[in-house]
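Good morning, and thank you for joining this group meeting. I should like to guide you through one structure, beginning with a single helix and ending with its charged pairs.

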Amino acid sequence: MLSGRRLDLLDPSPFDIEIEDIAHGLARVARWNGQTIGEHAFSVAQHSCVVEEIAAYIKPGLEPKWRLAALLHDASEYVIGDMISPFKSALGVNYKAFEARLESAIHVRFGLPPKNPVAIKTLIKKADKACAYFEATQLAGFTKKESLGFFGAPPAGYDLVIDPLPAPVAQQRYLERYRVLAEAVGLVPAPDAWHTE
């Protein structure tokens, strides 16, 4: 990793996972394998920020730790890239087990349970599909009817206009969102906590 960490992919340790590496990698991984319109790819980093926002829209008052889980829902892709679901299924159980080990290590690194509770997993999946609906119709050439068939309807009253960001901007926004949530769950002290009177 650019941080200097060495991550053992077969036995990932939470101690070798850094948020800066995640943000850097996700900002450079393109959703839809880059098959989208516009000057910039829609990155997994930007997608993750939107999914976190949608999850909080669906469930007002969502605890910061579960908002953090939503932000990190695709964090493993900083190492393994973004593979479409049918391809993941074709690779079989070994791939899913590999991905699950990495996700577990990421969760533990950031103070979350190794696996999300079912209700949180379901909420994040719903938010993920809502984001995919907007991505498909605005960036990937799907009609609204096609998107509804694949992803279902987005939450009532929620609207989104996607403007894919350059990688450095997406990386910065992801890190900023992480810091807000990490502070809210007590992973990092508030910036003013360092100042003493």
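**Helix 2 and its surroundings**

Twelve of the 15 residues of helix 2 are buried, so this helix is largely enclosed by the rest of the structure. Buried means under 20% relative accessible area, exposed means over 50%, and partly exposed lies in between, with a 1.4 Å probe and protein chains only. Helices (H or I, at least four residues) and strands (E, at least two) are DSSP runs, numbered from the N terminus.

Before going further, please note that this is a predicted model: local features need pLDDT of at least 70, side-chain atom pairs count only at pLDDT 80 or more, and totals for chains, interfaces and linings use all residues. Residues are numbered from 1 along each chain as its sequence is written, and side-chain values use heavy atoms, with hydrogens and water left out.

Helix 2 covers residues 44-58 and reaches 20 Å from its first C-alpha to its last, close to the 21 Å expected at 1.5 Å a residue. That expected span is 1.5 Å times one less than the number of residues. Among its buried residues are Val44, Ala45, Cys49 and Glu52. What do the buried residues of helix 2 pack against? Their partners are helix 1 (19-26), helix 3 (64-71), helix 4 (77-80), helix 7 (118-138) and helix 9 (167-184), where contact means heavy atoms within 4.5 Å.

**The whole protein**

Let us now step back. The protein has nine helices and zero strands. Of its 197 residues, 42% are buried. Among contacts with a separation of 6 or more, 66% join residues 24 or more positions apart.

Leucine 72 offers an example from a loop, the one between helix 3 and helix 4. Is leucine 72 buried or exposed? With 3% relative accessibility, leucine 72 counts as buried. Leaving aside residues up to four places away in sequence, leucine 72 touches Ile19, Phe110, Leu112 and Tyr174. Leucine 72 and alanine 45 are 27 residues apart in sequence, and their C-alpha atoms are 9.2 Å apart in space.

Next, the cysteines. The structure holds zero disulfides, a disulfide being a pair of cysteine sulfur atoms within 2.5 Å. Cysteine 49 counts as buried at 18% relative accessibility, and cysteine 131 counts as buried at 0%.

**Charged pairs**

Side chains of opposite charge can pair when their charged atoms come close. A salt bridge is a side-chain nitrogen of Lys or Arg within 4 Å of a carboxyl oxygen of Asp or Glu. How many salt bridges are there by this rule? The count comes to five.

One of them returns us to helix 2: the side chains of glutamate 52 and arginine 177 meet at 2.7 Å, N to O. Glutamate 52 lies in helix 2 and arginine 177 in helix 9, so this pair ties together parts that are 125 residues apart in sequence. Glutamate 52 is buried, with a relative accessible area of 2%, whereas arginine 177 is partly exposed at 24%.

Another salt bridge joins glutamate 135 and arginine 31, at 2.8 Å from N to O. Glutamate 135 is in helix 7 and arginine 31 is in the loop between helix 1 and helix 2, 104 residues apart. Both glutamate 135 and arginine 31 are buried.

Finally, Arg5, Glu18 and Arg109 are linked in a network of salt bridges. Within this network, the closest N and O atoms of glutamate 18 and arginine 5 are 2.8 Å apart.
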